[in-house]
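Welcome! Here are a few exercises to work through, with a solution after each one. Please have a look at the structure before you start.

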Amino acid sequence: MKKIYLAGPCDTENRTMMWKIATMLRQDNRFEVYCPWEYQVPDAWSYSQEDWAAFVFSADIMAIQNCDIFVMISVGRESTAGTNWEQGYAWGLGKDVVVIQVTDKPTSLMTYHGCDLFVSSNLKNPANFTNDMQYLIDMLDLPSDYWSKDKCYTTLT
């Protein structure tokens, strides 16, 4: 079973999309999916914000180190600092890195070049999004030697 670290924006606006993608990946029994926003620090309210953040940071680092594939959901150049940091760390470790671009907003050249598989999709068309996610799931089951990058249909900045 391949271990996937699923990174992306966890704000209220994007939470539904992140849950949908995590659910789709989990429905395929070939993958174990770690979602950082699901991690819960035991007795979290008894810690300072800084200590709580250190626990979360350590858990995420360990999960990235232990994953087989790092999957990043990109909402364009304005992706969160945490998500961008996680992608760079995974890339630096030599992990297989996948980026799913889910917007028409400009994409960072660093995001595009810091991955092994780049999939362009758009949430505005649910049928296409579902097909794109199935394509992604099928690709994740193949060795990364078979992966290639879609053309990025947004402006690279």
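**Exercise 1.** Find how many helices and strands the chain has, and what pattern they follow along the sequence.

*Solution.* Start with the count: the secondary structure consists of 5 helices and 5 strands. Here helices (H or I, at least four residues) and strands (E, at least two) are DSSP runs, numbered from the N terminus. Next, read along the sequence, which gives the pattern β-α-β-α-β-α-β-α-β-α. A word on the source: this is a predicted model, in which local features need pLDDT of at least 70, side-chain atom pairs count only at pLDDT 80 or more, and totals for chains, interfaces and linings use all residues. Residues are numbered from 1 along each chain as its sequence is written, and side-chain values use heavy atoms, with hydrogens and water left out.

**Exercise 2.** Work out how compact the chain is for its 157 residues.

*Solution.* First compare the radius of gyration, taken over C-alpha atoms, with the globule rule of 2.2 Å times the number of residues to the power 0.38. The chain has 15 Å, close to the 15 Å from the rule, so it is as compact as a globular protein of that length. Then look at the extent: the C-alpha trace spans about 45 × 35 × 30 Å along its principal axes. Finally, 45% of the 157 residues are buried, where buried means under 20% relative accessible area, exposed over 50%, and partly exposed in between (1.4 Å probe, protein chains only).

**Exercise 3.** Describe the surroundings of E86 and decide: is E86 buried or exposed?

*Solution.* Begin by locating E86, which sits in helix 3 (residues 81-92). Its relative accessibility is 10%, so E86 counts as buried. Now list the partners: beyond neighbours within four places in sequence, E86 is in contact (heavy atoms within 4.5 Å) with Y5, A7, P36, D60, I64 and F70. With the side chain of Y5, the E86 side chain also makes a polar contact at 2.5 Å. Such a contact is a pair of N or O atoms within 3.5 Å; within protein, one must be able to donate a hydrogen and the other to accept it, and residues adjacent in sequence count only if both atoms are side-chain atoms.

**Exercise 4.** Find the salt bridges, and say which residues are joined into one network.

*Solution.* Apply the rule, a side-chain nitrogen of Lys or Arg within 4 Å of a carboxyl oxygen of Asp or Glu, and the count is 3 salt bridges.

- Step one: R26 and E38 pair through their side chains (2.7 Å, N to O). R26 lies in helix 1 (residues 12-27) and E38 in the loop between strand 2 (31-34) and helix 2, so this pair ties together parts 12 residues apart in sequence.
- Step two: the side chains of D28 and R30 meet at 2.3 Å, N to O. D28 is buried, with a relative accessible area of 15%, whereas R30 is partly exposed at 28%.
- Step three: R30 also forms a salt bridge with D141, with the closest N and O atoms 2.7 Å apart. R30 is in the loop between helix 1 and strand 2, and D141 in the segment after helix 5 (126-140), so the pair ties together parts 111 residues apart in sequence.
- Step four: through shared partners, D28, R30 and D141 are joined into one network.
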